[in-house]
Amino acid sequence: MTIPHSRLSPAAVSQGLPHRAIALAERIPLSLPLLLARIGIAAVFFRSGLTKLDSWPTTVMLFEEEYDVPILPAEMAAQAATLFELACPVLLVAGLATRLAALPLLAMTIVIQLFVYPTSWIDHTMWASLLVLLIARGPGMVSIDWLIARQFMHRA
């Protein structure tokens with residue numbers, strides 16, 4: 001069902017509804033999707049870290065027998081993964097050292113994709129996309145990083 005032109009505002013008729021919808025979407029501040037990206041990806045990794053802690057013997061066994069993680073011994077890989085999965089998400093949510101905190105999570109995503117769950121590329125692509133976005137654009141204005149940068153700009 002289409003709406004007759006007589007019921008549309010003059011601006012809607014002249015610009016067209018798709019253009020108005022796009023213009024409205026473009027008014028969303030970048031800080032909002034960046035905040036959502038930080039929270040979303042942080043939740044994925046933090047929950048995984050808590051699961052590792054809750055069942056530590058199982059975690060170590062998985063790293064020894066199922067996960068084919070290169071270079072590091074299983075116990076050390078399990079400890080490093082758990083540390084990064086618990087610490088980096090806290091930094092991401094706070095927006096503190098955001099780009100730096102996203103790097104080890106991106107590296108873990110790549111390792112998981114290549115060596116642990118190679119058929120789960122859809123999830124890993126989504127995780128990597130959010131992490132690359134945060135590395136490329138930073139955390140946005142709703143972050144400690146932004147407050148720190150703002151302080152340095154005012155002093156310069």
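Me: Which residues does T109 touch, not counting residues up to four places away in sequence?
Reply: Happy to start there, keeping in mind that this is a predicted model. T109 is found in helix α6. Leaving aside residues up to four places away in sequence, the residues that T109 touches are F45, H124, W127, A128 and L131.

Me: Is T109 buried or exposed?
Reply: Good follow-up. The relative accessible area of T109 is 2%. Buried means under 20%, so with that value T109 counts as buried.

Me: Which residues does K52 touch, not counting residues up to four places away in sequence?
Reply: Let's place K52 before listing its partners: it sits in helix α3, which covers residues 31–54. Once residues up to four places away in sequence are set aside, K52 touches T59, F63, A81, T82 and E85.

Me: And is K52 buried or exposed?
Reply: The cut-off helps here too, since buried means under 20% relative accessible area. K52 has a value of 13%, so this lysine is buried.

Me: Which residues lie nearest the centre of the largest pocket?
Reply: That pocket has a volume of about 680 Å³. Its lining is made up of 30 residues, and those nearest the centre are F63, A81, E85, M108 and I112.

Me: Which helix gives the most to the lining of the largest pocket?
Reply: Several helices take part: α3, α4, α5, α6 and α7 (121–137) each supply at least two residues of that lining. The one that gives the most, with 6 residues, is α6.

Me: How do the residues of the lining of the largest pocket divide into nonpolar, polar and charged?
Reply: A nice one for anyone thinking about chemistry. Among the residues nearest the pocket centre is E85, and Glu counts as charged. Over the whole lining, the division is 20 nonpolar, 7 polar and 3 charged.

Me: Where is I71, and is it buried or exposed?
Reply: I71 lies in the loop between α4 (56–65) and α5 (74–94). Its phi is near 75°, a positive value in a residue other than glycine. Exposed means over 50% relative accessible area, so at 85% I71 counts as exposed.

Me: What is phi of A97 near?
Reply: A97 lies in the loop between α5 and α6 (98–116). With a relative accessible area of 31%, A97 is partly exposed. Its phi is positive, in a residue other than glycine, with a value near 55°.

Note on methods: Residues numbered from 1 in each chain as written. Predicted model: local features only at pLDDT ≥ 70, side-chain atom pairs only at ≥ 80, totals over all residues. Heavy atoms only, no water. Helix = DSSP H or I, 4+ residues; strand = E, 2+ residues; numbered from the N terminus. Buried < 20%, exposed > 50% of the residue type's maximum accessible area, 1.4 Å probe, protein only. Contact = heavy atoms within 4.5 Å. 1 Å grid on protein atoms, 1.4 Å probe; cavity = no way out; pocket = protein on both sides within 12 Å on 5 of 7 lines; lining within 4 Å. Points joined across faces, edges and corners; volume = space filled by probe spheres on them.
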